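Here is a set of exercises to work through with the structure open beside you. Try each task before you read its solution.

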Amino acid sequence: MSKTNEEIIEEMQQVVAQMVIDDLEENPDVANEYFDCDCCGKNKCMAGSIGYGTYRLCNDCVLLAETGFALGKFTDIQSLIDAMEDSRLEELCQFIKDEETRKKQMDN
Ligand SMILES: [Zn+2]
């Protein structure tokens with residue numbers, strides 16, 4: 001029953017990508033709406049963003065958050081925000097990047 005990390009990441013990437021599609025279908029105007037992400041601090045599109053408590057995360061960070069939760073890297077959004085400030089998250093980001101690289105190589 002247990003999924004591999006690769007399967008979890010792949011599933012999360014699909015789920016999170018779908019959020020952008022759903023948001024745009026529901027309200028096409030969000031494509032032109034931007035906000036400052038509470039996690040990465042970048043000015044990002046509202047489409048696919050999610051509010052976690054008092055924080056609003058961009059779609060890229062939602063992927064990190066949801067993947068992190070799924071992999072048990074952290075259990076609440078505050079941990080992700082805190083982790084953004086040190087190297088722990090880089091490890092997780094790297095893991096996702098490696099997986100994307102691996103997939104691209106397989107596609108070629
Ligand atoms: Zn972000």
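**Exercise 1. State what share of the protein chain counts as buried, and describe its overall build.**

Step 1. In this predicted model, 22% of the 108 residues of the protein chain count as buried.

Step 2. Now list the elements: the protein chain has four helices and four strands. Read from the N terminus, their order is α-β-β-β-β-α-α-α. The radius of gyration is 14 Å, close to the 13 Å that the globule rule gives for 108 residues, so the protein chain is as compact as a globular protein of that length.

Step 3. For the extent in space, look along the principal axes: the C-alpha trace spans about 35 × 35 × 25 Å.

Step 4. Finally, turn to the contacts with a separation of 6 or more: 43% of them join residues 24 or more positions apart.

**Exercise 2. Find which element has the highest mean pLDDT and which has the lowest.**

Step 1. Start with the whole: the average pLDDT of the protein chain is 88, and 91% of the residues score at least 70.

Step 2. Go element by element. H1 has the highest mean pLDDT, 96, while helix H4 (residues 88-107) has the lowest, 73.

Step 3. Keep a reading rule in mind: where pLDDT is low, the predicted coordinates should not be read in detail.

**Exercise 3. Check the length of helix H1 and work out where its buried residues point.**

Step 1. Helix H1 covers residues 5-26, which makes 22 residues. At 1.5 Å a residue they should span 32 Å, and the end C-alpha atoms are 31 Å apart, which agrees.

Step 2. Pick out the buried residues of H1: Ile9, Met12, Val16 and Asp23. They cover an arc of only 65 degrees around the axis, so they sit on the same side of H1.

Step 3. Here is the background: an α-helix has 3.6 residues a turn, so residues three or four places apart point the same way.

Step 4. Look at the face turned away from the buried side of H1. It carries the exposed residues Glu7, Gln14, Gln18, Ile21, Asp22 and Glu25.

Step 5. One more residue of helix H1 is Gln13. It has 17 C-beta neighbours inside 10 Å, so Gln13 counts as partly exposed.

**Exercise 4. Decide whether Gly48, Asp36 and Asn32 are buried or exposed.**

Step 1. You need the cut-offs: 20 or more other C-beta atoms within 10 Å makes a residue buried, and 12 or fewer makes it exposed.

Step 2. Locate Gly48 in the loop between strand S2 (43-45) and strand S3 (50-52). With 22 other C-beta atoms within 10 Å, Gly48 is buried. Leaving aside neighbours within four places in sequence, its contacts are Val16, Met19, Val20, Asp23, Asn59 and Val62.

Step 3. Move to Asp36, in strand S1 (residues 34-36). Asp36 has 11 C-beta neighbours inside 10 Å, so it counts as exposed. Outside its neighbours within four places in sequence, Asp36 is in contact with Gly41 and Asn43.

Step 4. Asn32 lies in the loop between H1 and S1. Its count is 9 C-beta neighbours inside 10 Å, so Asn32 is exposed too.

**Exercise 5. Describe the largest nonpolar core and the part that H2 plays in it.**

Step 1. The largest nonpolar core has 14 residues, and those with the most contacts inside it are Leu57, Cys61, Val62 and Ala65. H1, helix H2 (59-70) and helix H3 (77-83) each supply at least two residues of this core. H2 gives the most, with five residues.

Step 2. As a general point, nonpolar side chains tend to be buried together in soluble globular proteins.

Step 3. Look closer at H2. Its buried residues are Cys61, Val62, Leu63, Leu64, Ala65, Glu66, Thr67 and Gly68. Beyond its neighbours within four places in sequence, Cys61 is in contact with Cys37, Cys39 and Cys40.

Step 4. Check the length as you did before: H2 has twelve residues and reaches 16 Å from its first C-alpha to its last, close to the 16 Å expected at 1.5 Å a residue. H2 is followed by Gly72, which has a positive phi near 70 degrees.

Definitions and conventions:
Residues numbered from 1 in each chain as written. Predicted model: local features only at pLDDT ≥ 70, side-chain atom pairs only at ≥ 80, totals over all residues. Contact = placed C-beta atoms within 7 Å. Expected span 1.5 Å × (residues − 1). Arc of directions from axis to C-beta. Rg over C-alpha atoms; globule rule 2.2 N^0.38 Å. pLDDT = per-residue confidence, 0-100. Core = buried A, V, L, I, M, F, W, Y, C linked by C-beta atoms within 7 Å.
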